[in-house]
Amino acid sequence: MSKGLLHHIEIYVSDIKRTVDFWGWFLEELGYTSYQEWGKGQSWKLGDTYIVFVQAEDRFLDIPYHRCRAGLNHLAFHASSRQHVDEMTKKLKARKVNILYSDKHPFAGGDNYYAVFFEDPDRIKVELVAPE
């Protein structure tokens, strides 16, 4: 039964190419597969849920995204283990992705919350969280 499960998320972005490069790699590392692709967008799917990224129109790019404004704050994904978080952290660093709260990593979310926090090209915060 899928009642209540997330069907899809659609996020408008400032630069679809940078976004596809970033999210394509990350989502495919988590088991997502490319689902839809068109000139101004792309999506990836895992099970019955998909994530869509769409190029925002120029007229809406005057105010950049900020996670502290009203709207989306962050996306958090399940990791398979603490080792998975560690492996992905190394890969993120190799790709020069901005790791947030590095002084508290991997416990920036608390003593029992093992995760890596980072930002996408539009500075949307992303988490990869190990099971407890």
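**Core.** I began with the largest nonpolar core of this predicted model, which has 28 residues. The residues with the most contacts inside this core are Trp23, Phe26, Leu27, Phe53, Phe77, Phe118 and Leu128. I then looked up where the core residues come from, and the elements that give two or more residues to it are β1 (8-13), α1, β4 (49-55), β5 (74-78), α2, β7 and β8. Of these, α1 gives the most, with 6 residues.

**Leu128.** I listed the contacts of one of those core residues, leaving out residues up to four places away in sequence, and found that Leu128 touches Phe26, Leu30, Phe77, His78, Ala79, His84, Val85, Met88, Tyr114, Ala115, Val116 and Phe118.

**Helix α1.** Next I took the helix that gives the most to the core. I noted that α1 has 14 residues and that the distance from its first C-alpha to its last is 19 Å, close to the 20 Å expected at 1.5 Å a residue. Its buried residues are Ile16, Thr19, Phe22, Trp23, Gly24, Trp25, Phe26 and Leu27. At the start of α1 I found a side-chain oxygen of Asp15 that comes to within 3.1 Å of the backbone nitrogen of Lys17, and just after the helix I recorded a positive phi of about 105° at Gly31.

**Helix α2.** For the second helix I made the same kind of check on length: the 13 residues of α2 (residues 82-94) should span 18 Å at 1.5 Å a residue, and the end C-alpha atoms are 19 Å apart, which agrees. I then asked which residues of α2 are buried. They are His84, Val85, Met88, Thr89 and Leu92. These buried residues lie on the same side of α2, because they cover an arc of only 135° around the axis. As background I noted that an α-helix has 3.6 residues a turn, so residues three or four places apart point the same way. The face turned away from the buried side of α2 carries the exposed residues Gln83, Lys90, Lys93 and Ala94.

I also looked up what the buried residues of α2 pack against, and the list is α1 (16-29), β6 (99-100), β7 (115-119) and β8 (125-129). At the start of α2, a side-chain oxygen of Ser81 reaches to within 3.3 Å of the backbone nitrogen of Gln83. Lys96, which follows α2, has a positive phi, near 60°.

**His84.** I wanted to know whether this histidine of helix α2 is buried or exposed. His84 has a relative accessible area of 14%, and because the cut-off for buried is under 20%, His84 counts as buried. Its side chain reaches the backbone nitrogen of Ser80 at 3.0 Å. Leaving aside neighbours within four places in sequence, I found His84 in contact with Leu30, Ala79 and Leu128.

**Strand β8.** I turned to the strand that holds Leu128. Of its 5 residues, 5 are buried, so β8 is largely enclosed by the rest of the structure. Both faces are covered, with Lys125, Glu127 and Val129 buried on one side and Val126 and Leu128 buried on the other. I checked the pairing on both sides: 5 bridges join β5 to β8 in a parallel arrangement, with Val129 as the bridge partner of His78, and 5 bridges join β7 to β8 in an antiparallel arrangement, with Val126 as the bridge partner of Phe118. The hairpin of β7 and β8 has 5 residues between the strands, and there Arg123 takes a positive phi near 70°.

**Val97.** I picked this residue from the loop between α2 and β6. With 13% relative accessibility, Val97 counts as buried. Its C-alpha atom is separated by 9.0 Å from that of Phe22, although the two are 75 residues apart along the chain. Apart from neighbours within four places in sequence, Val97 is in contact with Phe22, Leu92, Phe118 and Glu119.

**Gly39.** My last entry concerns the loop between β2 (33-38) and β3 (41-46), where Gly39 is placed. At 73% relative accessibility Gly39 counts as exposed. From Gly39 to His8 I noted a C-alpha to C-alpha distance of 20 Å, for residues 31 apart in sequence.

Key: Residues are numbered from 1 along each chain as its sequence is written. This is a predicted model: local features need pLDDT of at least 70, side-chain atom pairs count only at pLDDT 80 or more; totals for chains, interfaces and linings use all residues. Side-chain values use heavy atoms; hydrogens and water are left out. Helices (H or I, at least four residues) and strands (E, at least two) are DSSP runs, numbered from the N terminus. The expected span of a helix is 1.5 Å times one less than its number of residues. Buried means under 20% relative accessible area, exposed over 50%, partly exposed in between (1.4 Å probe, protein chains only). The arc is that of the directions from the helix axis to the C-beta atoms. Contact means heavy atoms within 4.5 Å. A polar contact is a pair of N or O atoms within 3.5 Å; within protein, one must be able to donate a hydrogen and the other to accept it, and residues adjacent in sequence count only if both atoms are side-chain atoms. A nonpolar core is a set of buried Ala, Val, Leu, Ile, Met, Phe, Trp, Tyr and Cys residues joined through side-chain atoms within 4.5 Å. Two strands pair if DSSP finds at least two bridges between them.
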